[in-house]
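Here is a friendly round of questions about how labels get attached to a structure. Have a look at it, and then we can reason through them together.

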Amino acid sequence: MTKRYVLVHDENKCIGCQACNVACRSENNVPESVTRLQVRIEGPYGNFPHLHFKYNRVSCEQCENAPCVKVCPTGAAYVNADGIVSINENKCVGCLYCVAACPYKVRFINPETRVPDKCDFCKETRLARGEDPACVSVCPTQALVFGDANDLNSEVRKVLDTKPHYQQKVNLGTEPRVYRIPSRKGGIKA
Amino acid sequence: MKLDRRTFIKGAGAGTAGCVFATLPGSLAALGQTGLSGSAESVASICEMCSTRCPISARVVNGKNVSILGNKKAKSFGGAVCARGGAGHSQLYDKQRIVKPLKRVGERGEGKWAEIEWDEAYAIIAENLNKIKAQHGAESVAFSSKSGSLSGHLFHLAKAFGSPNTFTHASTCPAGYVVAAKAIFGGKVKRDLSNSKYIINFGHNLYEGINMSETRGMMNAQMEKGAKLVVFEPRFSIVADKADEWYAIKPGTDVAVALAICHTLIEDDLYDKAFVAQYVAGFDAFAQEVKAYTPEWAESVSDVPAEDIRRITHEYAAAAPHAVVDFGHRSSFTTEEFEMRRALYAANVLIGNIERKGGLYFGKKASKYNKFAGEKVAPTLAKPGVEGMPSIDAKRIDMVDDQYALLWSSGGIYQTILDATLEAKPYQLHGWVMSRTNPMQTMTDRARIVETMQKLDFIVACDIYISESAAYADIFLPESTYLERDEEIVDKSGKNPAYYVRQRVVDTIGDTKPSWMIWKELANQLGQGLYFPWDNMETLQLFQVDKDAALLNTIKRDGWVSYGKPLMLREREMVKTFTDTYPNAKAVDDDGTYASQLSFKTPSGKIELSSDKVEQMAPGRGVIRYREVTMKKADELFFIQGKVAVHTNAGTQNVPMLANLMSDNAVWIHPITAGLLNIANGDAIRIYNATGSEEGHALVTPGIRPDTVFAYMGCGSKNKELARATGKGVHCGNLLPHITSPVTGMNLHTTGVKIAKL
């Protein structure tokens, strides 16, 4: 594997404005009833006046060890050479095993294509043109950093090497490639 | 269709995805889907999903949709675009958008419309307006428009028609800080949040009411440069969450804390005496007045602990001059707006942050910048003027009291249209022409606006949707959206001159027109065509650039052009860079700055902390003073509102993608208050007072004071044409009383309410 695309979501910089959500929907023609990406503003947690919100990015975690890929009976769900968990539509039989297996609940059936769908870092469109994923490029507060973690000079490598971060549900051994910089307020709820 | 497992799943999901509504005359749905054509190459333009008007880069993708991203040429905007901006295409080809002129065929507000041609629309409007003019005088027609972009074209029509009564939405939104800045500085100032080391914020929720460059600047200052942010706000908003310190201040008492900060700066000898001596008039009277405003007194008024006010003030002064007290935006917390905004400015003046990094500064437009540089660094734009405009003798309807004089040229007191119509104060109005404005939501006392619109002889509304206000019009004119329009070049100068321009990305959809064309064509029909001597938008653009086609092409190609180096007159490093760049630049002062060049357009030429002019306009208000206000009855809760990042005030609730994100506004209630009222999270509730009554749902949360309830504004429309928004949530304007604040002319956005479980 030459590339290892990862995404870092800084919960301090994120304001939950949904610019990423809308940009993703527009770029990927995501139907109205489903979503590839949301930022959920959860809380407030804590006690007055020491309250805090959690800004929870909900999208494909691009697991190194992806349960959706393991359960796929036809090989339609696979990990691409760049590390992006991908879907081969032609091989899909619509069994929904992958949707059920995803511990992050981020796979869904696209009602128009009838194939499982989810975030793919805009690999067919923006990434193919050498651009950042739509969510990263529009983020008003630069809360998202995307790049090749195998590139030691990349911004994303620098962020991961210098800032405290966590991944969600690491106990499952899925090794997500979406990293989160925790809010400076409150604790980490992974 | 092949019946396999995937087909079955599709069928099962279809029920939730469908959206059924009756077909509205004139809507895109009624006219049938037309194809989408336009530029496949990116076009630099300007967003209009809110009034920040960010520079964008947009293109038509595969003839099916429109990609909208930020224009990377505009550095402080960083190529970013918010949720509303990104959803602009969803508004463009929304099937509920109106794309054909309409004529009312039922009662006003009944929702019965018939499609007509533009010629017929113009003929009906001209006949009615000219009849009103002949019988009652041109001044009996009011013209109102959301400020900015094309509002000047409507106001030009008003002047050609002969009416002085032109209004923007100013007195329902930003006029408070604008009027206060005029009184103190002689004009508007900007805030340099991105370079600030200490930011004190009184409920200016830049992380939900997004102003892209300011939002980015503040976040950058906080996260990359270690700036400290202190927020005083009754609600735990996103900006409160991102703050280092948040104080749940009692609604409407911001002025007390601001004055206590000023008190502490002076009494603890923390203020910039040299700055005050050089630039400030009326300091002694101000200092005398604020002697009484101790932090202890402010605590008793605001619930903010005195020791914190004192400590915060010392921290703020220690960061001076690279520190700022944000003067806010939507500014009608109380009727004492004028004193509050002036007190916020005063807290800046006292630390001498004017024209310093991280403080306040004046925009450097080309003419001013070029004078400093001693050469033509940036081109200046010409303003087209039309000679021989009719003279207007009638006074504006809001010219009843001199205390509002600062507002007359800055949008006027919008809500005086109600008094003039219903009570003939100061004289009777008979007609109303409105463009991209929705007073039913943004003004106050909805019932009074309905009464006004029922009483008027004739009403024209120009908009994209039939808004709650447009629903009461006699003629509806469908405007092209910003993605279909070309407009004049706009001056966007900050620390250095900059221009940008809105350009058409998509070919016109349906039978719509840009409003500059609508008002020009209507002028022809009214017999005032001679006052609109330009052929089209390109004529106007070429006039602006003095026929310099190369310059116009550059601005159009890049969409954003800036000139020179950033300049703040009292920042030595910036002045040095400036004078190194421009050899003919003005000579610097002994300290290497342009400090001596800093001047103010006030009567004294100085910053007026106390003002004789204001004293003359509004006796007793020359000096900034605290006055107690009563905004609710003892047994009521404070009701406050705010902005949310996925909607623009009351303008976007029907845009499909945004309606899908949020179509309701639950009422925030503290758990203790909810417990006393036996209300659980999600319960249906009634929220009511003497002005109106609304039904909604409760959001029980510790993120609000126990004596206060909150709702995001803009929801709860009552007209059936806005199918995605109607009847969803609480209509805030229906709960706010019709009150005009002294001096600023602002209407009021805080009141008292009672809550009951349904």
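Two residues are in contact if their C-beta atoms, placed from the backbone, lie within 7 Å. Keep in mind that the model is predicted.

Q: Which residues of α7(B) meet which residues of α15(B)?
A: On the α7(B) side they are B:Gly176, B:Tyr177, B:Val179, B:Ala180, B:Ala181, B:Ala183 and B:Ile184, and on the α15(B) side B:Glu337, B:Phe338, B:Arg341, B:Arg342 and B:Tyr345. By class, the residues of this contact divide into 8 nonpolar, 1 polar and 3 charged.

Q: Why is α7(B) called oblique to α15(B)?
A: Helix α7 (residues 175-185) and helix α15 (residues 337-349) of chain B pack at an angle of about 60 degrees, with their axes 9 Å apart. Angles under 35 degrees count as roughly parallel, over 145 as roughly antiparallel and 65 to 115 as roughly perpendicular, with the rest oblique. An angle of about 60 degrees therefore makes α7(B) oblique to α15(B). The crossing of α7(B) and α15(B) is right-handed.

Q: What makes α6(B) and α21(B) roughly parallel to each other?
A: The axes of helix α6 (residues 151-161) and helix α21 (residues 515-526) of chain B cross at roughly 15 degrees and come within 9 Å. The cut-off for roughly parallel is an angle under 35 degrees, and α6(B) and α21(B) are therefore roughly parallel. The crossing of α6(B) past α21(B) is right-handed.

Q: What residues meet where α6(B) packs on α21(B)?
A: From α6(B) come B:His153, B:Leu154, B:Leu157, B:Ala160 and B:Phe161, and they meet B:Ser515, B:Trp516, B:Trp519, B:Leu522, B:Ala523 and B:Leu526 of α21(B). The split is 9 nonpolar, 2 polar and no charged.

Q: How do you know whether α18(B) is largely enclosed by the rest of the structure?
A: A residue counts as buried if 20 or more other C-beta atoms lie within 10 Å of its own. In α18(B), residues 416-423, 6 of the 8 residues are buried, so this helix is largely enclosed. The buried ones are B:Thr416, B:Ile417, B:Leu418, B:Asp419, B:Ala420 and B:Thr421. Their cover includes β6 (141-145), β7 (166-167), β15 (431-435) and α20 (446-455) of chain B. Just after α18(B), B:Ala424 takes a positive phi of about 55 degrees.

Q: Why does B:Glu307 count as buried or exposed?
A: B:Glu307, in helix α14 (residues 306-319) of chain B, has 11 C-beta neighbours inside 10 Å. Exposed requires 12 or fewer, so B:Glu307 counts as exposed. B:Glu307 lies 126 residues from B:Ala181 in sequence, and the two are 30 Å apart in space, C-alpha to C-alpha.

Q: What makes chain A as compact as a globular protein of its length?
A: The radius of gyration of chain A is 16 Å, close to the 16 Å that the globule rule gives for 190 residues, so chain A is as compact as a globular protein of that length. Chain A has 5 helices and 9 strands, and 48% of its 190 residues count as buried.

Q: How many residues does each chain give to the contact between chain B and chain A?
A: Chain B gives 41 residues and chain A gives 31. On the chain B side, α1(B) brings the largest share, 9 residues. That side divides into 23 nonpolar, 13 polar and 5 charged.

Conventions. Residues numbered from 1 in each chain as written. Chains lettered and ligands numbered in written order. Predicted model: local features only at pLDDT ≥ 70, side-chain atom pairs only at ≥ 80, totals over all residues. Helix = DSSP H or I, 4+ residues; strand = E, 2+ residues; numbered from the N terminus. Axes fitted to C-alpha atoms, helices over the stretch in contact; angles between N-to-C directions. Left-handed = near helix turned anticlockwise from the far one by under 90°. Nonpolar A, V, L, I, M, F, W, Y, C, P; charged D, E, K, R; others polar. Rg over C-alpha atoms; globule rule 2.2 N^0.38 Å.
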